[in-house]
Amino acid sequence: MLTNRPKTTALLLAAFALLSFGAAVTSAQDPEEDFAAAMADAPAAGRAVLYSCDIPTNRVGFGYLQERPSEEGVKAVDIYLRLYANTGITRGKHAVHIHETASCNPCGTAGGHFDPGPNSNTSPDGNHPFHAGDLTNMTLDRQGRGYHMMTTTRVTLSDGPLSVFDEDGSAFIIHTNPDTYCPEGEAAGCAGGSRAACGVITPYP
């Protein structure tokens with residue numbers, strides 16, 4: 001069991017709760033001070049600004065990551081993603097992954113799924129859901145707005161073989177379709193299909 005959540009986790013959960021009960025967000029310029037303050041004491045943290053894959057100048061959301069220890073000795077990474085309303089991304093479930101390259105221009109340059117192991121296979125549909133960067137689906141409301149929180153032990157933010165801050169970095173990709181987790185094995189589009197949004201993950205602050 002993962003324990004020892006730092007106070008930054010509680011602060012981020014509170015920030016997401018406020019967003020969940022607030023008015024619909026229609027501007028891509030809303031402040032992120034609550035999240036920045038919450039991350040100030042994190043031992044290792046990351047940040048991503050999400051942009052539309054169709055219109056790369058359109059900011060559509062953001063994400064934060066924080067690393068924490070556990071009693072098992074592994075490092076857990078809490079991930080918090082937010083998508084704004086009315087960005088053109090449709091309601092419903094959307095696949096979310098960490099991709100292997102810190103590039104979003106165009107979104108295809110983010111490469112395949114983050115999978116740094118000795119038998120690495122970054123093919124999105126060909127080795128899914130076994131990649132280090134495979135995450136859970138994000139659900140958007142009828143305005144296309146969504147908040148997503150999850151924890152993974154498949155990646156780290158600190159140095160090591162699983163670090164998202166490796167030589168070529170990494171990026172979040174939000175896909176146009178849900179992730180089926182490919183129960184029948186390799187099938188075109190089973191991991192979410194085309195790319196709707198992308199955000200390069202950078203160290204924070």
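Which residues does S170 touch, not counting residues up to four places away in sequence? The view of S170 below gives the answer in this predicted model.

**View 1. S170 and its contacts.** S170 is found in the loop between β7 (146-152) and β8 (171-175). Leaving aside residues up to four places away in sequence, S170 touches I98, H99, E100, T101, A102, V164, V200 and I201. The side chain of S170 reaches the backbone oxygen of V164 at 3.1 Å. V164 is thus named twice here: as one of the residues touched by S170, and as the owner of that backbone oxygen. The relative accessibility of S170 is 0%, so S170 counts as buried; the cut-off for buried is under 20%.

**View 2. The open sheet of 7 strands.** Strand order in this open sheet is β5-β8-β9-β1-β2-β3-β7. The pairing is antiparallel. β5 (96-99) and β7 stand at the edges. Each has a single partner strand, so one side of each is left without a neighbour in the sheet. On average, neighbouring strands of this sheet are turned by 20° against each other, direction ignored. The loop that holds S170 runs between β7 and β8. Edge strand β5 covers residues 96-99, and I98 and H99 are among the residues touched by S170.

**View 3. The β1-β2 pair.** Within the sheet order, β1 is followed by β2. Strand β1 spans residues 44-52 and strand β2 spans residues 59-69. The two pair in the antiparallel sense over 8 bridges. Y51 has R59 of β2 as its bridge partner.

**View 4. The whole protein.** The protein has 2 helices and 9 strands. From the N terminus on, the elements run α-α-β-β-β-β-β-β-β-β-β. Both helices therefore precede the strands in this α-α-β-β-β-β-β-β-β-β-β order, with elements numbered from the N terminus. Of the 205 residues, 47% are buried. Among contacts between residues at least 6 apart in sequence, 66% join residues at least 24 apart. The protein exposes about 9,600 Å². Carbon and sulfur atoms supply 54% of that area.

**View 5. Confidence along the chain.** The protein averages a pLDDT of 86, and 80% of the residues score at least 70. Over residues 17-31 the pLDDT is below 50. Beyond near neighbours in sequence, this stretch has 19 contacts in the model.

Definitions and conventions
Residues numbered from 1 in each chain as written. Heavy atoms only, no water. Helix = DSSP H or I, 4+ residues; strand = E, 2+ residues; numbered from the N terminus. Buried < 20%, exposed > 50% of the residue type's maximum accessible area, 1.4 Å probe, protein only. Contact = heavy atoms within 4.5 Å. Areas by Shrake-Rupley, 256 points an atom, 1.4 Å probe, with all protein chains shown as cover. pLDDT = per-residue confidence, 0-100. Polar contact = N/O pair within 3.5 Å; in protein donor to acceptor, adjacent residues only side chain to side chain. Pairing = 2+ DSSP bridges. Axes fitted to C-alpha atoms, helices over the stretch in contact; angles between N-to-C directions.
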